[in-house]
Amino acid sequence: MKKFVWFFVSLITLQVFAQHQLDNQKIRPEKTREFDLTHTKLKVSFDFENQELDGEAYIQAKPHFYPSHLLTLDAKEMYIESIKLNNTPLDYNYDGMELRIDLGKEYTREEPFEIYIKYIARPERLKDKVSSNILEGKGLYFIDPHNTDPDKPTQIWTQGATESNSCWFPTIDSPNQKMTQEIYIRVPEKYTTLSNGLLTDQKQNNDQTRTDHWKLDQAHAPYLFFMGVGDYAEIKDHWNDIAVNYYVEPEYKDVAQDIFGLTPEMIQFFSEKFDYAYPWPKYSQISGRDFIMGAMENTTATLHAEDVQQRKGQLVDENLWEDTIAHELSHHWFGDMVTAESWSQISLNESFATYCEYLWREYKYGQDHADAHLLKFKNDYLSGNNEEKNLVRYQYTHRYDVFDAVSYQKGALILHMLRQYVGEEAFFKALTLYLKDYAFEATEVEHLRLVFEEVTGRDLNSFFNQWFYGHGHPEIKVDYQFNEDLHQVELNLYQGGKIANMPLQIEVYESGKVARHQVELNKKIHHFTFNYSNKPDLILINADHGLLAEITDASKNLKQYIFQYENAKLYQDRKEAIAYLLKYQTDKEVFKTLAKALNDPYYKIRIQVLENLDLANKYHKKETIKKVETLAVKDPKTLVRGAAIGLLGKLIDPVYKPLFERGIEETSYALKENAILSLYELDKPTALNQIKQLTAVAREDLSVLLTRIYMNEKDESQLAFIAKHFIKILFTDNYSRYYKDHFEEIFQWVGGSNNKEAIQNLTDDLVKKGIRYKKYDVDKLAISLLQRIVDFQQKSDNSQKEELILIAKQGLAKLLE
């Protein structure tokens, strides 16, 4: 599962409660397995008008070990019509959350049984519990069920994680349950359905509906059950003899292959890498409007947020969803097949799936590409208040608290360290053994440790205690002195934060050769001495980036950073060197090195330089500009070409006007955006005229840039467009600082206007973001902003202010439901 978290900085006073006091947290053990569910059959149909589900559940179960006559199921806010066993009605007690069923006699673990429940699922009745954080979701979502929104299709989708599928069918909603399933879904015949497993039958009914029968014969956890319903184009693909299909809104049919087309290759790669073939009968992916997460790995039927549906212009530059596609697919080994037994153990699902993003990049695009992703993991982890969180967390307030940068990004970094620690062959042999030993079972981290110990023959308690059951990371300060009389370098390491008990790789560069030394960290202060013949040019600490640590090397100077860029092999070291050198562009040798970096083999280094290079520098200016001109036309990556055009645009030179105009005609959004902005800085009238020629689709897809330009122009004629998009612009890296600083001015201009369409667009956008990101308290921000629109209008002399106030108040009402 991939999460999207929005970070808001000083828009209004808004507190996001990401940390909880320890005294509010509880120990969260694995749920006791009193019964084992073995099979669930559901027959469902939908009441679109009331947003309800009419259901029949046939639940096969047996006691796990001890005899029992009382079966307790999770069933949230349902109407229970009847419960039977062998056609005999059963007594039950229901409190709106748990259904306690008296089986009529005591059953042993040798006596399986099947109960029948007829019920109505009423997800809209769960809104209050979701709002008050009693529940993290309502499980079953109707999107535009009354077909009143012209910009939104009618859809139904489900979201089970963590324990929300019991909002639409009775079950034991715990990840340590495993069962097979089948679902009969009755829908209007115009709609497509998708669920887990294979579509075994379709039956036309007499009332313009159709019943689709989906069946999965392998056991999986209840949170992975899924239904999707809507008007979709289905694009068929395959891996070997397994169907691999993609479901998108019809307008994206032509680009579905560009979005998802690498999926079969990913299946092949992971099957070979884990030495365990893809274990399920099919693999489908579907988009869902207003999805509350980024994506969800429902077994054989991954659900993606609507953002997966990208245009050709974006896909030419980069498929922004490729990592997510790899992530969710890899869950079908780590998470769906072998499942964390409790949410405390979620790293067994999410750390692995996140690390699989790295493995895919490493295979498909090479080491630099993978290492760039690994560095992003590290930065994501370090950017939050994560130092006190263990990877395995038995204490938390809400289940979704563990779905964070520790369970995802830090966990992936820990797996990377484990790979370095035990070695390549041992790491993947252990993963294969783990998958084979625990296929279709629920596990905890101790199972993983024991498998790694079986393969390596080593006691790994120290590693697992430090990294899986511990928190934080080392903060290492480095200094060194060269003793030229003894031809020795004296290296001092000072560990702060977590005291690591780990190997550390150190490289010493001397006279064109590199010597690698492995030292052992196990205390706060270390002193190491290395001999040399000639004074070293560079010393690299954590040379393989195998240790998760923050390292500060105050001894390194400008000359050494130049040497580091030109000689270090790894992306992280080259990027670090460029970042340092960009601060000293007035130095002749530095600028020369930066100019060289325009030819770096990895495109993100080229972009790093292009986005920060100062062409006003007097050194090698003409030669460097020639390089930039070449990159703008010939670089194989459109993202680099776009960045080069953006840099040339800063020169405000008419000679580049034809280049900018050609760029606007390109398919690539990176080229279009940079060309429009560069032309705007050079010739505003021509740029604004070119913008008018863009298609409606292109205008929407380039909305961040165009909103920026329209706001800069104070263009009242585009106020409705600005209102629809300007909240989004605040959270776009390239533009956020300026517009956050000027938020008050812009918001008052838009929110205090007498433009009805603008007020409606702004209200709709705030409501959408408030609902979608409610669990991150974005609804509180949206409510505050809508109230301010009301205040602006009440103080205005707009002739239609009452109508505009009503629009904002209707938005408030939706958020306060």
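# Close-up views of a predicted protein model

**View 1. The surroundings of Glu-163 in a loop between two strands.** Glu-163 is buried, with a relative accessible area of 18%, where buried means under 20% relative accessible area, exposed means over 50%, and partly exposed is anything in between, computed with a 1.4 Å probe and with protein chains only. This is a predicted model, in which local features need pLDDT of at least 70 and side-chain atom pairs count only at pLDDT 80 or more, while totals for chains, interfaces and linings use all residues. Residues are numbered from 1 along each chain as its sequence is written, and side-chain values use heavy atoms, with hydrogens and water left out. The loop that holds Glu-163 runs between strand S11 (155-158) and strand S12 (179-188); helices (H or I, at least four residues) and strands (E, at least two) are DSSP runs, numbered from the N terminus. The side chain of Glu-163 makes a polar contact of 3.4 Å with the side chain of Arg-399. A polar contact is a pair of N or O atoms within 3.5 Å; within protein, one atom must be able to donate a hydrogen and the other to accept it, and residues adjacent in sequence count only if both atoms are side-chain atoms. When residues up to four places away in sequence are not counted, Glu-163 touches Lys-76, Glu-136, Asp-173, Pro-175, Trp-343 and Arg-399, a contact being heavy atoms within 4.5 Å.

**View 2. A cis peptide bond in the loop between S11 and S12.** The peptide bond that leads from Ala-161 to Thr-162 is cis, with omega near 0°, and Thr-162 has its place in the loop between S11 and S12. Most residues other than glycine have a negative phi, and most peptide bonds are trans.

**View 3. Two loop residues with positive phi.** Phi of Thr-300 is near 65°, a positive value in a residue other than glycine, and Thr-300 is found in the loop between strand S20 (295-296) and strand S21 (301-305). With a relative accessibility of 0%, Thr-300 counts as buried. Ile-652 also has a positive phi, near 50°, and is likewise a residue other than glycine; its loop lies between helix H17 (638-649) and helix H18 (657-665). At 42% relative accessibility, Ile-652 counts as partly exposed.

**View 4. Tyr-363 and its contacts from helix H6.** Tyr-363 lies in helix H6, which takes in residues 347-365, and at 42% relative accessibility it counts as partly exposed. Leaving aside residues up to four places away in sequence, Tyr-363 touches Glu-265 and Phe-269, and the side chains of Tyr-363 and Glu-265 are joined by a polar contact of 2.9 Å. Tyr-363 and Phe-428 are 65 residues apart in sequence, while their C-alpha atoms are 14 Å apart in space.

**View 5. Helices H13 and H14 with the elements that cover them.** In helix H14 (residues 588-597), the residues Val-590, Phe-591, Thr-593, Leu-594, Ala-595 and Ala-597 are buried. The cover over these buried residues includes helix H12 (558-567), helix H13 (571-581), helix H15 (603-610) and helix H16 (621-634). At the start of H14, a side-chain oxygen of Asp-587 reaches to within 3.0 Å of the backbone nitrogen of Glu-589. In H13, the buried residues are Tyr-571, Gln-572, Asp-573, Arg-574, Ala-577, Ile-578 and Leu-581, and what covers them includes helix H7 (367-382), strand S30 (538-541), H12, H14 and H15.

**View 6. Tyr-773 in a loop between two helices.** Tyr-773 is found in the loop between helix H26 (756-772) and helix H27 (778-795), and at 5% relative accessibility it counts as buried. Although Tyr-773 and Ile-292 are 481 residues apart in sequence, their C-alpha atoms are 7.0 Å apart in space.

**View 7. The whole protein, as a setting for the close-ups.** The secondary structure of the protein comes to 28 helices and 31 strands. The radius of gyration of the protein is 29 Å, close to the 28 Å that the globule rule gives for 817 residues, so the protein is as compact as a globular protein of that length; this radius is taken over C-alpha atoms, and the rule is 2.2 Å times the number of residues to the power 0.38. Of the 817 residues, 58% count as buried, and along its principal axes the C-alpha trace spans about 90 × 80 × 55 Å.
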